[in-house]
Amino acid sequence: SHPNAAGVTARAHSNIALIKYWGKRDARLNLPAVGSISITLDALYTDTRVAFLPGLEADRVDIGGRRADTTRFSRFLDLVRAEAGIDTRARIESWNNFPTGAGLASSASGFAALAVAATRAAGLTLEPRALSVLARQGSGSAARSIFGGFVEMRRGARDDGLDAAASPLLDAADWPLTVIVAITEHGAKALDSTAGMTGSADTSDFYQAWVDHAEPDLAAMREAIAARDFQAMGELAEHSCLKLHGLMLSTRPGQIYWNAATVAAMHAVRALRADGVPVYFTIDAGPQVKALCPPAHAETVAAALERVPGVLETRRSALGPDARCHD
Ligand code: PMV
């Protein structure tokens with residue numbers, strides 16, 4: 001293969017899980033203990049440029065114009081180099097159009113964009129499924145950001161991880177949905193999700209129950225999405241979110257990702273629902289609240305969340321497209 005010396009830029013969108021994944025069955029290959037289902041977000045994305053440069057002594061990574069620690073990225077690039085049969089070091093430049101490392105899934109969009117840009121820059125042509133397997137090794141949720149719309153990540157059964165990949169369930173255009181992200185904290189979160197679940201998820205007494213109930217949750221969500229049943233989808237998503245946080249709260253040490261505004265925003269969503277507004281919340285390993293609603297209710301939901309004390313700002317997103325190269 002011939003590395004592209006001029007470099008390649010790719011864009012990948014962030015995603016949030018409707019049915020969450022937490023826990024790993026293999027830390028080295030980053031194999032998830034359970035499957036997951038997500039939606040890709042149009043408004044939150046990462047642009048990443050990769051160039052393999054002969055003569056470069058070490059990989060260099062800049063995120064948002066700032067030099068970053070290369071360890072996690074070099075390990076990822078080594079997978080690409082091995083596949084391409086090259087030894088060249090690379091320059092990575094990456095920009096998020098949203099706060100990095102604050103529970104807005106920058107590792108999802110970041111490693112998906114890196115998988116697309118780095119393989120292409122190394123002269124490889126990979127199918128989306130192979131890109132998803134590769135992206136998973138950077139961050140579990142990144143496997144899902146290879147695809148747009150509604151996406152399912154399979155847990156897989158093989159030891160080599162070749163069947164632990166995401167695939168699309170429904171295109172973004174097939175079921176328009178709005179996500180209002182209520183940002184309650186701008187700083188980076190205290191504990192990143194990879195560190196949070198590695199070697200600690202299974203210290204919870206609830207862990208086995210979490211793993212045992214994953215398949216029925218996934219099956220019910222697949223059905224709700226196929227039927228475009230907003231209420232069923234929302235109830236399942238809110239349940240999966242609260243169950244995930246129950247698990248994280250019950251690990252040793254317990255992990256509390258919420259702040260006061262996170263909790264207030266959850267109550268605000270339920271108050272809207274009591275008033276007849278179709279809206280449900282979900283929250284990942286961070287303090288931000290993502291509210292899901294049909295586009296016609298976006299204005300009402302955003303206004304209500306902006307009135308919640310401690311909500312600093314809201315971002316609105318539709319469902320987004322596949323990860324892809326761009327100029
Ligand atoms: O992307 P990771 O492997 O760091 O983990 C993401 C974990 C959650 O966001 C909490 C759940 C999920 O399925 O996205």
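**Helix H8 and the core behind it**

On one side of H8, a helix in the DSSP sense (a run of H or I, at least four residues, numbered from the N terminus, as strands are from E runs of at least two), Ala260, His267, Ala271 and Ala274 are exposed, that is, with 12 or fewer other C-beta atoms within 10 Å of their own, placed from the backbone (20 or more is buried, in between is partly exposed). This is a predicted model, with local features needing pLDDT of at least 70, side-chain atom pairs counting only at pLDDT 80 or more, and totals for chains, interfaces and linings using all residues. Residues are numbered from 1 along each chain as its sequence is written.

Now flip to the other side. The buried residues of H8 are Ala261, Thr262, Ala265, Met266, Ala268, Val269 and Leu272. Looking down the axis of H8, these fall within an arc of 160 degrees (taken from the directions from the axis to the C-beta atoms), so they line one face of the helix. They pack against strands S10 (178-183), S11 (280-282) and S12 (289-293), plus helix H9 (298-306).

Zoom in on Ala265: beyond its neighbours within four places in sequence, it contacts (C-beta atoms, placed from the backbone, within 7 Å) Ala182, Thr184, Val289, Leu305, Val308 and Val311.

Ala265 also turns up in the largest nonpolar core (buried Ala, Val, Leu, Ile, Met, Phe, Trp, Tyr and Cys joined through C-beta atoms within 7 Å). Of its 100 residues, Ala112, Ala118, Ala182, Ala265, Ala291 and Leu305 touch the most other members. Helix H2 (residues 106-121) gives the largest share, 10 residues. Domain 1 (8-172) and domain 2 (178-317), with bounds from an automatic or database assignment, both contribute, so this core lies between them.

Terms used: Contact = placed C-beta atoms within 7 Å.
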